[in-house]
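User: I am new to this structure. Please take a close look at one part, the largest pocket, and then walk me outward from there.

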Amino acid sequence: SQASDVDGEVLMTNACYSEVFGIPKKSAKNSAKRLSIVKISANGKSIHRSYRGITAKGFDKNFVALSPNSIMLLNDSEGNQPQKVKVSKGCFVPFYWCHPDKSIRISVRMGLLSLVLGLISLIVSIMSLF
């Protein structure tokens, strides 16, 4: 597959998943089985990506694979690629807010904006009754 196909994902082994989330993937809740979000931090920056399991010769729990675009987001101020990253559990809000797929990112931001505007219009309507 192309690098852009896995731009929103981090490739890790099942052993790495167990180390990050504390339980094996097969024992996780159904929602976590469908979408497990991982936070990757390096050089004072962090990105959120969805977990995708991989098995490959020489690829163990000490390695994660990211797309070139994801690595570029973690580069330091001189443009050097990170050699070590910190991997932890992630949250769905920053995952969708800064998603690498433009259509998902814009949809979430527009949805939140419309929710706020709807709430404001509801409050104004209720206040006009009194």
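Analyst: Start with the space itself. The largest pocket holds about 400 Å³. Its lining is made of 17 residues, and Asn 62, Val 64, Gln 83, Lys 84 and Val 85 are the closest to its centre. Keep in mind that this is a predicted model.

What kinds of residues make up that lining? Of the lining residues, 11 are nonpolar, three are polar and three are charged. Two helices, H1 and H3 (68-74), each provide at least two residues of this lining. The largest share comes from H1, with three residues.

That makes H1 the next stop. Helix H1 spans residues 14-21, and Cys 16, Tyr 17, Val 20 and Phe 21 are buried in it. Why do these four lie on the same side of H1? They cover an arc of only 115 degrees around the axis, so they share one side of the helix. Several elements help cover these buried residues. Among the strands are S1 (9-12), S2 (37-42), S3 (45-53) and S4 (86-89). Helix H2 (30-34) is part of the cover too.

Now look at the two ends of H1. Before the helix comes Thr 13, in the loop between S1 and H1. Is Thr 13 buried or exposed? Its relative accessibility is 8%, and the cut-off for buried is under 20%, so Thr 13 counts as buried. Beyond its neighbours within four places in sequence, Thr 13 is in contact with Tyr 51, Ile 54, Phe 59, Asp 60 and Lys 61. Just after H1 sits Gly 22, with a positive phi of about 85 degrees.

H1 also leads to another pocket. The second largest pocket has about 270 Å³ of space. H1 and H2 are the elements that give two or more residues to its lining. That lining counts 14 residues, and those nearest the centre are Phe 21, Ala 32, Leu 35, Ser 36 and Ile 37. Phe 21 is one of the buried residues of H1. By class, the lining of the second largest pocket has nine nonpolar residues, three polar ones and two charged ones.

Next, a turn of the backbone angle. Most residues other than glycine have a negative phi. Asn 43 has a positive phi, near 55 degrees, and is not a glycine. Where is Asn 43? It lies in the loop between S2 and S3. Both of those strands help cover the buried residues of H1. Asn 43 has a relative accessible area of 42%, so it is partly exposed.

Finish with helix H5, which runs over residues 102-129. Ile 104 has its place in this helix. With 28% relative accessibility, Ile 104 counts as partly exposed. Leaving out residues up to four places away in sequence, Ile 104 touches Tyr 96 and His 99.

Ser 114 is found in H5 as well. Its relative accessibility is 44%, and therefore Ser 114 counts as partly exposed. What does the side chain of Ser 114 reach? At 2.8 Å, it reaches the backbone oxygen of Gly 111. Ser 67 gives a sense of distance: it is 47 residues from Ser 114 in sequence. In space, C-alpha to C-alpha, Ser 114 and Ser 67 are 32 Å apart.

Notes. Residues numbered from 1 in each chain as written. Predicted model: local features only at pLDDT ≥ 70, side-chain atom pairs only at ≥ 80, totals over all residues. Heavy atoms only, no water. Buried < 20%, exposed > 50% of the residue type's maximum accessible area, 1.4 Å probe, protein only. Polar contact = N/O pair within 3.5 Å; in protein donor to acceptor, adjacent residues only side chain to side chain. Arc of directions from axis to C-beta. Contact = heavy atoms within 4.5 Å. 1 Å grid on protein atoms, 1.4 Å probe; cavity = no way out; pocket = protein on both sides within 12 Å on 5 of 7 lines; lining within 4 Å. Points joined across faces, edges and corners; volume = space filled by probe spheres on them. Nonpolar A, V, L, I, M, F, W, Y, C, P; charged D, E, K, R; others polar.
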